[in-house]
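These are my notebook entries on a structure that I went through for enclosed and open spaces, and for the sheet beside them. I set down what I looked up in the order in which I looked it up.

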Amino acid sequence: MSIPIKLDTSYLAQEVTPEEVYSWQAHVDFCHEMLHTRSGAGSDFLGWVEPKIMMPAAEVDRISQVAARLRAGSDVLVVIGIGGSYLGARAVIEAIGGPDKDRIIFAGQNISAHYHKELLSKLEGKRIAINIISKSGTTTEPAIAFRLLRNYLEEKAGKEKAAKLIAATTDAKKGALRNLAVEQGYETFVVPDDVGGRYSVLSAVGLLPIAYAGIDIKALLESAAKCAEELKTADLKANPAYYYAVLRNLLYNKGKGIEILASFEPRLHYITEWWKQLFGESEGKENIGIFPASVDFTTDLHSMGQWIQEGRRSIFETFIDIEGGEPDLIIPNELNDADGLNYLAGKQVHEVNQEAYRATALAHREGGVPNSSIVLPKLDEETLGAMLYFFEKACAISGYLLRVNPFNQPGVEAYKGHMFALLGKPGFEKQTEEIKKRLQIG
Ligand code: PA5
């Protein structure tokens with residue numbers, strides 16, 4: 001196996017043996033067949049399975065060129081989108097950085113007046129560009145943010161110049177955003193028809209903001225594509241993504257209904273947010289599904305650590321372990337050792353963090369929390385591209401093993417119907433009266 005990530009299950013033997021995992025081979029073969037012959041539920045949404053086909057080289061070049069043009073014409077790129085339309089980009093940019101990462105602001109993920117007021121005042125005096133991302137083109141949160149920010153940009157730069165500083169990533173043909181983009185002459189990118197939001201990070205949805213940050217999008221994509229090749233086997237002995245998928249299902253069947261993804265790297269916070277959306281929206285339906293939770297260690301060891309160590313034993317844990325490639329930073333010696341920390345003097349900070357990880361994993365295992373680790377030799381385009389694909393493939397198979405459609409999200413519509421009725425959206429008039437009665441409001 002040559003993908004630059006490893007699944008370490010060496011401490012899981014008490015809860016799940018490799019033999020138990022391998023005994024699921026026939027189920028996995030069945031699900032693998034459904035995925036690769038596009039014959040299972042949600043088969044219209046499998047464009048992500050082949051990253052290279054999803055993103056032809058010419059389109060990747062166009063993304064790089066537009067990113068460079070927007071970067072040259074702005075101080076800040078405001079990326080507007082919600083859910084799958086922003087989490088992947090944010091996760092990659094925060095994890096890897098890139099020379100221009102601090103020039104990116106994410107908006108459109110809430111309807112807070114306070115947030116938007118603050119954002120507008122923070123942008124004062126800056127030259128802004130906008131990447132509005134919405135597959136449907138009608139999602140309320142990004143639509144509100146876009147209207148506010150578009151007005152702001154048009155006021156500052158004039159309508160014509162503003163149009164050149166806006167890129168819209170949306171459906172190829174339909175939706176309000178597509179119509180607006182065509183009418184105003186914005187640069188446009190397509191969210192492929194056969195790719196859902198949470199599987200779209202390696203499409204233009206994620207790649208344009210990632211390229212603006214100065215991250216090597218070709219390397220990211222190349223690594224994901226290599227990983228896709230490696231993970232084309234259904235053999236559980238050769239496919240760690242499938243092994244992980246089976247592991248989760250086995251633990252779920254043993255009463256562990258919650259998976260916690262834990263990392264000791266603050267810059268992975270949004271990777272865990274992306275992962276939660278990926279697995280939560282893919283698996284949580286029909287009254288089943290593993291609940292995906294996440295923690296940032298060591299911070300959360302001082303809060304959620306108590307629950308994890310001694311709370312209800314319904315959890316299992318997956319760590320993301322970054323082995324190396326971290327900055328050289330040594331804890332200094334002090335003559336009087338007033339803080340009693342000289343026992344650490346001369347050690348690398350990363351070394352101490354790694355011991356914190358090993359200690360935590362052991363303590364949690366001893367407390368009845370089965371755990372395994374996704375191990376990355378370092379954090380860069382190559383390892384991250386592979387890990388994103390690894391999780392996508394694992395999620396698809398895990399969903400099929402759970403017997404749900406991992407590519408739809410009917411549940412996210414429920415609140416929208418009520419909200420539109422309350423807000424009096426045209427077409428929801430009947431529901432408005434009815435819902436007001438239910439809420440006992442006038
Ligand atoms: O994964 C998904 O499909 C969702 O999270 C969507 O990405 C999210 O609801 C935003 O939708 P849209 O891109 O249509 O604005």
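**Entry 1: the cavities**

I began with the lining of the largest cavity, which I find to be made by Phe 264, Glu 265, Ile 320, Asp 321, Ile 322, His 350, Asn 353, Gln 354 and Tyr 357. I note at once that the model is a predicted one. The elements that contribute two or more residues to this lining are S9 and helix H15 (349-366), and H15 has the largest share, with four residues. Sorted by class, I get four nonpolar, three polar and two charged residues around the largest cavity, and the space inside it comes to about 60 Å³.

How many cavities of 30 Å³ or more does a search of the whole structure find? The search gives two, and I turned next to the second largest, which holds about 50 Å³ of space. I list its lining as Leu 12, Tyr 244, Leu 247, Arg 248, Leu 251, Phe 316, Glu 317, Thr 318, Pro 370, Asn 371 and Ser 372. Helix H12 (240-253), S9 and S10 each give at least two residues to this lining, with the largest share, four residues, coming from H12. The class count for the second largest cavity is six nonpolar, three polar and two charged residues.

**Entry 2: the sheet**

Since S9 had come up in the lining of the largest cavity, and S9 and S10 in that of the second largest, I looked up the sheet they belong to. It is an open sheet of five strands in the order S1-S10-S9-S7-S8, and its pairing is mixed. Strand S1 (6-8) and strand S8 (291-296) are the edge strands, each of which pairs on one side only. With direction ignored, neighbouring strands are turned by 25 degrees against each other on average. I also recorded that helix H16 (residues 381-401) packs on the sheet, where it touches S7, S9 and strand S10 (371-376), and that the direction of H16 makes about 140 degrees with that of S10.

I then followed strand S7 (residues 258-263) to its partners. It pairs with strand S9 (residues 315-322) in the parallel sense, over six bridges, and six bridges also join S7 to S8, again running parallel. Which residues stand across from Ala 262 in S9 and in S8? In S9 the residue opposite Ala 262 is Phe 319, while in S8 the bridge partner of Ala 262 is Val 295.

Is S8, as an edge strand, largely enclosed or open? I find five of the six residues of S8 buried, so this strand is largely enclosed by the rest of the structure.

**Entry 3: the pockets**

I moved from the enclosed spaces to the open ones. The largest pocket has a volume of about 760 Å³, and of the 29 residues that line it, those closest to its centre are Ser 136, Thr 139, Gln 409, Val 412 and Lys 416. At least two lining residues come from each of strand S4 (128-134), helix H7 (140-157), helix H13 (269-283) and helix H17 (413-423); H17 gives the most, with four residues. By class, I count nine nonpolar, 13 polar and seven charged residues in the lining of the largest pocket.

For the second largest pocket I noted a volume of about 410 Å³ and a lining of 18 residues, with Gly 137, Thr 138, Thr 139, Ala 143 and Ala 176 lying nearest its centre. Which elements each supply at least two residues of this lining? They are S4, H7, helix H9 (176-184) and H17, and H7 gives the most, with seven residues. The lining of the second largest pocket divides into ten nonpolar, five polar and three charged residues.

**Entry 4: a lysine elsewhere**

Last, I looked up Lys 117, which lies in helix H6 (residues 113-123). Is Lys 117 buried or exposed? With a relative accessibility of 63%, Lys 117 counts as exposed, because the cut-off for that term is over 50%. I also took down the C-alpha separation between Lys 117 and Leu 148, which is 9.8 Å for two residues that are 31 residues apart along the chain.

Note on methods
Residues numbered from 1 in each chain as written. Predicted model: local features only at pLDDT ≥ 70, side-chain atom pairs only at ≥ 80, totals over all residues. Heavy atoms only, no water. 1 Å grid on protein atoms, 1.4 Å probe; cavity = no way out; pocket = protein on both sides within 12 Å on 5 of 7 lines; lining within 4 Å. Points joined across faces, edges and corners; volume = space filled by probe spheres on them. Nonpolar A, V, L, I, M, F, W, Y, C, P; charged D, E, K, R; others polar. Pairing = 2+ DSSP bridges. Axes fitted to C-alpha atoms, helices over the stretch in contact; angles between N-to-C directions. Contact = heavy atoms within 4.5 Å. Buried < 20%, exposed > 50% of the residue type's maximum accessible area, 1.4 Å probe, protein only.
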